[in-house]
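Reader: I'm new to this one and would love a close look at a single part of it. Could you walk me through it slowly?

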Amino acid sequence: MPPPPPPPVHLRLRVSITPPHPLPLPYSRRFSSATSGLATARHLSLRRGSRRRAPVCAARSEAAGAEGFDEELGRLLELLPGELRQRVEDHPELPALVEVVMDLGRPPLARFPSGDFLLSHRPISFDDLRQATAKVGDFGGDNRAGISRTLHRISAIRNRQGDIVGLTCRVGRAVPGSANLLQDLVKDGGSLLLIGPPGVGKTTVIREIARMLADDYDKRVMIVDTSNEIGGDGDIPHPGIGNARRLQVPNQEMQHKVLIEAVENHMPQAIVIDEIGTKLEAMAASTIAQRGIQLVASAHGVTIENLTMNPSLDMLVGGIQSVTLGDEEASRRRVQKTVLERKGPSTFAYAVEIVSKTELRVHRSLEATVDALLAVECLMLKFVS
Ligand SMILES: Nc1ncnc2c1ncn2[C@@H]1O[C@H](COP(=O)(O)OP(=O)(O)OP(=O)(O)O)[C@@H](O)[C@H]1O
């Protein structure tokens, strides 16, 4: 039986992080017990502690950040017809706006953390969509475009003829402090995998980690930026990535090649990549980690277990294989004769499940977590057979 894994640690922020306010330090920490998946999880709750007076220059840069964000948000709202823009601007939750959705023949919606908000009863026309798309950059093969020097993401829905019939306009923002809870892992130098469902904040955290590595830990950081989401649209990267450098990816099929190019041409100490999604990308990531470069990557998935069951991505957690045991070994382990085992070392030392924008589940040893998951699966199989 593999050794039991260290329990995953839940990190929960009790303050809502709204840009552009960095989280103040220090925090008070409170532990309570809870169960998560296979092992007992420790909940580490972080609360806003005593307020420390911010230095004047920090206060100024915060104000500058707020101005910059307002200006960037304004550039996204310019895509909307005048009366819709006004409705969004008047909304009390404007700074926390997540997306605006415009679908042909349907009323437009604004999505806020509190829910969807109807912007107008007037359905969206082709003309509205045409005017909006004229103000954004070119759409790539992934049907995504951006607005130069902002972090916004405009995703298109097309009909069978290729015409745009819908737009999802997501507000991108740099959130200082959004990776503070992971500072120890980032500083440690081990490779780190972030997983989470769509829209939970993976790109935002990974952008802040890239900045942290480059600016706070003076590392040479290369970002492999699939659809310019981390560093923003345009050839000059957004200040949100700090001193990290960024490689653009001509099309998604090239991503694994650009990953290797980043290592071979630019001597990075850390590589940051959003959305590893294919076997080729997983293989390139594993090659990079073997070369001793700190890799920080994200992948879609809710739990580590999801990755172990995904044949394209299981390589990230070491690969899974089925092994037939001898009678003696099977009875010693009290499992069936055929068991699942990890094939080799995992690409990442640590993994973080992003549960929500304020809650993280940290696996301090990804290999131990995977081994324990597989062991439990074998026991369950034995139990049901
Ligand atoms: N800590 C935060 N505070 C406020 N807003 C946030 C925070 N983190 C993310 N957001 C906002 O939530 C939305 C989704 O964030 P993000 O794009 O980072 O998610 P994601 O998990 O990468 O999504 P996807 O998987 O679809 O690419 C964006 O509008 C982003 O600005």
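Reader: Into which domains is the protein divided? Once that is clear, please take me through the sheet strand by strand.

Author: Sure. Keep in mind that this is a predicted model. The protein is split into domain 1, made of 9-52 + 174-384, and domain 2, which covers 75-170. The two touch each other: 14 residues of domain 1 are in contact with 14 residues of domain 2. On the domain 1 side of that contact you'll find 3 nonpolar, 9 polar and 2 charged residues.

Now for the sheet. It is an open one with 6 strands, and if you walk across it the order is S6-S5-S4-S9-S8-S7, with antiparallel pairing. At the edges stand S6 (115-118) and S7 (144-145); each has a single partner strand, so one side of each is left without a neighbour in the sheet. As a bit of background, strands of a sheet pair through backbone hydrogen bonds, and they can do that in a parallel or an antiparallel way.

Let's start at the S6 edge. S5 and S6 run antiparallel and are joined by 4 bridges. One pair to look for here is arginine 111, whose bridge partner in S6 is aspartate 116. The chain gets from S5 to S6 by a hairpin, passing through 2 residues.

Step over to the other neighbour of S5 and you reach S4. Strand S5 takes in residues 109-112, and 3 bridges tie it to S4, again antiparallel. Here you can pick out valine 100 opposite alanine 110 in S5, and also valine 101 opposite leucine 109 in S5. These two strands make a hairpin as well, with 5 residues between them. Look in that turn for glycine 105, which has a positive phi of about 80°.

Next comes the pairing of S4 with S9. S4 spans residues 99-103 and S9 spans residues 164-170; they run antiparallel, with 5 bridges joining them. In this pair, methionine 102 stands opposite leucine 167 in S9. There is also a helix to spot here: H3, residues 126-133, lies across S4 and S9 and runs at about 50° to S9.

On we go to S8, which is residues 153-158. It is antiparallel to S9, and 6 bridges join the two. Find arginine 158 and you'll see isoleucine 164 of S9 opposite. S8 and S9 form a hairpin with 5 residues between them, and glycine 162 in the turn has a positive phi of about 95°. Beyond S8 in the order sits S7, the edge strand at 144-145.

Before you leave, here is a quick look at the rest of the model. A UniProt entry, an unreviewed one, places the feature "domain: AAA+ ATPase" at residues 188-319. Over that stretch the chain is 34% helix and 19% strand, and its end C-alpha atoms are 24 Å apart. There is a ligand too, with 19 residues around it; Pro198, Gly201, Lys202, Thr203 and Thr204 come nearest. Helix H5, residues 202-216, gives the largest share of that shell, 3 residues. By type, the shell holds 7 nonpolar, 8 polar and 4 charged residues.

Conventions. Residues are numbered from 1 along each chain as its sequence is written. This is a predicted model: local features need pLDDT of at least 70, side-chain atom pairs count only at pLDDT 80 or more; totals for chains, interfaces and linings use all residues. UniProt positions are given in the numbering used here, feature names are shortened, and annotations may be inferred rather than shown by experiment. Domain bounds come from an automatic or database domain assignment. Two residues are in contact if their C-beta atoms, placed from the backbone, lie within 7 Å. Ala, Val, Leu, Ile, Met, Phe, Trp, Tyr, Cys and Pro count as nonpolar, Asp, Glu, Lys and Arg as charged, and the others, Gly among them, as polar. Two strands pair if DSSP finds at least two bridges between them. A residue is near a molecule or strand if its C-beta atom, placed from the backbone, lies within 6 Å of it. Axes are lines fitted to C-alpha atoms, for helices over the stretch in contact, and angles run from 0 to 180 degrees between N-to-C directions.
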